[in-house]
Amino acid sequence: MEINATFVGQAVAFLIFAVLCMKYVWPPLMNALEKRQKEIADGLTAAEKAKKSLELANENAAQTVRDAKAQAQKIIEEANKTRSQIIDKASEEAQAERKKILDLAKSEIEAEKNKAREDLRSEVISLAVAGAEKIIDQKIDEKTDSAMLKKITDLL
């Protein structure tokens, strides 16, 4: 191989080109590559943080759902308990009302029975007096009549 002026000229031109590229082209390319690497790294970090946030949010959502279910169950149990208390109270009130009505009915029956007994006693006394009048065939005066009625009443 022959080294001549053309070869030397080409070598010098290549050298100048390489120096200019290293001074003016290479640094912006390296800066762009480093910037891109940093952006990619930041993007991966952000994606990792987002993934962790999503997992945390999913756990929080699951916990919130569990808490809501537990609270709903508690509310249902309290509602059932309240319903039972209301039913028991209504049953007790109904039993008390039933007893009150039965007592009132018994007292009315007793009063009717006593009234019927008094009416019957008066009727028996009147019949006894009428029978006695027929037996002795005379009318007794009112005072004697009352005294006799009182004696008969005491006997009954």
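## Close-ups of a two-helix model

**View 1. E39 and its partner R36.** E39 is partly exposed here, with a relative accessible area of 42% (buried means under 20% relative accessible area, exposed over 50%, and partly exposed in between, using a 1.4 Å probe and protein chains only). Keep in mind that this is a predicted model, where local features need pLDDT of at least 70, side-chain atom pairs count only at pLDDT 80 or more, and totals for chains, interfaces and linings use all residues. Residues are numbered from 1 along each chain as its sequence is written, and side-chain values use heavy atoms, with hydrogens and water left out. E39 makes a salt bridge with R36, and their closest N and O atoms are 3.7 Å apart (a salt bridge is a side-chain nitrogen of Lys or Arg within 4 Å of a carboxyl oxygen of Asp or Glu). The two residues sit 3 residues apart in helix α1, so about one helical turn separates E39 from R36 (helices are DSSP runs of H or I with at least four residues, strands are E runs of at least two, and both are numbered from the N terminus).

**View 2. D42 and K38.** Here D42 pairs up with K38 in a salt bridge, with 3.4 Å between the closest N and O atoms. Both residues belong to helix α1 and are 4 residues apart, about one turn of the helix. D42 counts as partly exposed at 41% relative accessibility, while K38 counts as exposed at 55%. As a rule, side chains of opposite charge can pair when their charged atoms come close.

**View 3. E118 and R121.** This view has another salt bridge, between E118 and R121, whose closest N and O atoms lie 3.4 Å apart. Once again the partners are both in helix α1, this time 3 residues apart, or about one turn of the helix. E118 has a relative accessible area of 43%, so this residue is partly exposed. R121 is also partly exposed, at 25% relative accessibility. By the salt-bridge rule, the count comes to 6.

**View 4. R117 and L127.** R117 has its place in helix α1, which covers residues 5-136. With a relative accessible area of 45%, R117 is partly exposed. Go 10 residues along the sequence from R117 and you get to L127, 15 Å away in space, C-alpha to C-alpha.

**View 5. I16 and T153.** I16 is found in helix α1 and counts as partly exposed at 47% relative accessibility. The C-alpha atoms of I16 and T153 are 157 Å apart, with these positions 137 residues apart along the chain.

**View 6. Stepping back to the whole chain.** The protein has 2 helices and 0 strands. Its radius of gyration is 61 Å, well over the 15 Å that the globule rule gives for 156 residues, so the protein is more spread out than a compact globule (the radius is taken over C-alpha atoms, and the rule is 2.2 Å times the number of residues to the power 0.38). Along its principal axes, the C-alpha trace spans about 190 × 20 × 15 Å. Of the 156 residues, 3% count as buried. The accessible surface comes to about 14000 Å², with 62% of this belonging to carbon and sulfur atoms (areas come from the Shrake-Rupley method with a 1.4 Å probe; for residues, only the protein chains shown count as cover).
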